[in-house]
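Let's take a quick look at the charged side-chain pairs in this one. The model comes first, then the pairs.

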Amino acid sequence: NLAKHSVAAIEAGAGQAFDPNFHEAIQQVPSAEHPPMTILQELERGYKLHERVIRPSKVIVSGGTPQ
């Protein structure tokens with residue numbers, strides 16, 4: 001159990017705002033439904049030890065409206 005070692009998962013659910021301190025954007029996808037830099041999908045869970053990021057969450061974010 002990682003929690004007993006003070007390791008916590010980073011929240012990166014769909015619809016959340018992208019935060020470069022905790023998330024790594026792997027891909028940008030045009031979206032008319034979401035504002036730019038909104039998380040659309042989490043590809044790999046990130047973790048932090050106390051308040052220090054040990055691995056950012058890898059995510060796909062919206063990149064604005066489609067052309």
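## Salt bridges

Arg55 and Glu44 bring their side chains together in a salt bridge, at 3.7 Å from N to O. This joins distant parts of the chain: Arg55 belongs to strand E5 (residues 52-55) and Glu44 to strand E3 (residues 39-44), with their positions 11 residues apart in numbering terms, as they are 11 residues apart. Keep in mind that the model is predicted.

Glu44 has another partner, Lys58, and here the closest N and O atoms are 3.4 Å apart. Again the pair links distant parts of the chain, as Lys58 sits in strand E6 (residues 57-62) and Glu44 in strand E3, 14 residues apart. Through shared partners, the salt bridges tie Glu44, Arg55 and Lys58 into one network.

Glu42 also pairs up, forming a salt bridge with Arg45, whose closest N–O distance to it is 3.6 Å. In total, the count is 3 salt bridges.

Here are the pairs side by side:

| Pair | Closest N to O |
|---|---|
| Arg55 and Glu44 | 3.7 Å |
| Lys58 and Glu44 | 3.4 Å |
| Glu42 and Arg45 | 3.6 Å |

So are these residues buried, exposed or partly exposed? Within the network, Glu44 is partly exposed at 30% relative accessibility, Arg55 is partly exposed at 34%, and Lys58 is partly exposed at 27%. As for the remaining pair, Glu42 is partly exposed at 26% relative accessibility, and Arg45 is partly exposed too, at 41%. The cut-offs behind that label are 20% and 50%, with partly exposed lying in between.

Terms used
Residues are numbered from 1 along each chain as its sequence is written. This is a predicted model: local features need pLDDT of at least 70, side-chain atom pairs count only at pLDDT 80 or more; totals for chains, interfaces and linings use all residues. Side-chain values use heavy atoms; hydrogens and water are left out. A salt bridge is a side-chain nitrogen of Lys or Arg within 4 Å of a carboxyl oxygen of Asp or Glu. Buried means under 20% relative accessible area, exposed over 50%, partly exposed in between (1.4 Å probe, protein chains only). Helices (H or I, at least four residues) and strands (E, at least two) are DSSP runs, numbered from the N terminus.
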